[in-house]
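Work through the following exercises with the sequence and the coordinates open beside you. Each task is followed by a solution that proceeds step by step.

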Amino acid sequence: MVAASHACAILSVDLDAVAANYALLDEKSPGAICAAVVKADAYGLGLAPVARRLAHEGCRHFFVAQLAEAITLRESLESAVPDSAIYVLNGPDQGTEADFENYGAIPILNSLRQIDLWSSHARKRAVAQPAVLHMDTGMSRLGLTSGDVDDLAADPELLCGLDIRLAMSHLASAEQRGNPFNQQQRRLFDNLRAQLPAAPASLANSSGIFLVPAFHYDMVRPGASIFGISPMSDESNPM
């Protein structure tokens with residue numbers, strides 16, 4: 001590690017500000033669990049210290065992008081909050097199933113292939129495995145298509161062995177409060193969820209928290225706003 005005296009730049013992270021932002025987001029979403037998205041090393045600010053501070057503030061649900069991040073996070077939080085839930089946005093790859101289970105990482109399943117992989121692991125272990133179903137309602141980045149959901153509804157055995165902890169999607173334009181696409185996504189999300197086993201729901205990202213409460217569902221998933229980035233375009237930054 002390079003000594004601070006030899007660095008050409010030093011980044012100081014105000015963990016009190018991180019805590020205050022999380023508290024505001026939690027306050028803005030009463031009745032919903034306020035999770036924290038800490039992917040990419042907590043947006044470059046340091047996964048371990050940021051997550052530990054958020055845990056100190058009461059956060060128990062964390063989202064990362066990759067399994068390696070989940071392992072690092074589990075090791076950072078284990079002594080303080082062993083009951084924390086860690087979700088992996090990119091889901092499982094072939095050969096990672098044992099690590100997901102051993103580290104208590106919950107895979108977010110984005111395709112029928114990932115569902116088959118995780119369901120096969122559950123059946124081999126003869127133990128129900130926790131999972132999240134992610135549906136693409138317009139972000140066009142990750143998630144099950146409407147056709148995939150139709151397949152799951154037609155053949156419920158495809159979800160055999162899975163303990164569905166959450167059904168989620170991601171808003172594409174929530175930073176624009178009046179964008180009609182927000183309501184279109186919410187309606188599609190509800191329609192897709194209705195075809196699947198009942199489970200808690202999550203749709204709101206940072207910006208979605210500042211829309212009407214109907215977007216909050218059971219869990220909100222702020223990320224960038226925890227670190228001070230404005231959740232709404234053309235409005236003053238409340239963070």
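**Exercise 1.** In this predicted model, determine over which ring the charged end of R221 sits, and at what distance from the ring centre.

*Solution.* The charged end of R221 is found over the ring of F63, 6.0 Å from its centre. The next step is to look for the aromatic partner of F63, bearing in mind that a search of the whole structure finds four aromatic pairs. One of them joins F63 to Y87, with 4.5 Å centre to centre and 15° between the planes. Because planes under 30 degrees apart count as stacked, this pair of F63 and Y87 is stacked. As the last step, place the two residues in the fold: F63 belongs to strand β3 (residues 61-64) and Y87 to strand β4 (residues 85-88), so the pair ties together parts that are 24 residues apart in sequence. Both F63 and Y87 are buried.

**Exercise 2.** Classify the ring pair formed by F189 and Y217, and locate its two members in the chain.

*Solution.* The ring centres of F189 and Y217 lie 5.3 Å apart and their planes stand at 85°, so the pair is edge-to-face. F189 lies in helix α8 (residues 181-193), whereas Y217 lies in the loop between β8 (201-202) and β9 (219-220), so the pair ties together parts that are 28 residues apart in sequence. Both F189 and Y217 are buried. To complete the picture around F189, note that the charged end of R193 sits over the ring of F189, 5.3 Å from its centre.

**Exercise 3.** Describe how strand β4 is covered on its two sides, and how β3 and β4 are paired and connected.

*Solution.* In a regular strand the side chains alternate between the two faces of the sheet. In β4, A85 and Y87 point one way and I86 and V88 the other way, and all are buried. Turning to the pairing, β3 and β4 are joined in the parallel sense over four bridges, and V64 has V88 in β4 as its bridge partner. Between these strands the chain crosses through helix α4 (residues 67-77), and this β-α-β crossover from β3 to β4 is right-handed.

**Exercise 4.** Is strand β5 (residues 105-109) enclosed or open, and which strands pair with β5?

*Solution.* Begin with burial: five of the five residues of β5 are buried, so the strand is largely enclosed by the rest of the structure. Taken face by face, A105, P107 and L109 are buried on one side, and I106 and I108 are buried on the other.

Next consider β4, which runs parallel to β5 and is joined to β5 by three bridges. Within this contact, I86 has A105 in β5 as its bridge partner, while V88 stands opposite P107. The connection includes helix α5 (residues 97-102), and β4, α5 and β5 together make a right-handed β-α-β unit.

Finally consider strand β6 (residues 129-134), which pairs with β5 in the parallel sense over two bridges; here I108 stands opposite V132 in β6. With helix α6 (residues 112-125), β5 and β6 make a right-handed β-α-β unit.

Note on methods
Residues numbered from 1 in each chain as written. Predicted model: local features only at pLDDT ≥ 70, side-chain atom pairs only at ≥ 80, totals over all residues. Heavy atoms only, no water. Phe/Tyr/Trp six-rings, centres within 6.5 Å; stacked < 30°, edge-to-face > 60°. Buried < 20%, exposed > 50% of the residue type's maximum accessible area, 1.4 Å probe, protein only. Lys NZ or Arg CZ within 6 Å of the ring centre and 35° of its normal. Pairing = 2+ DSSP bridges. Right-handed = clockwise from strand over helix to strand, strands pointing away.
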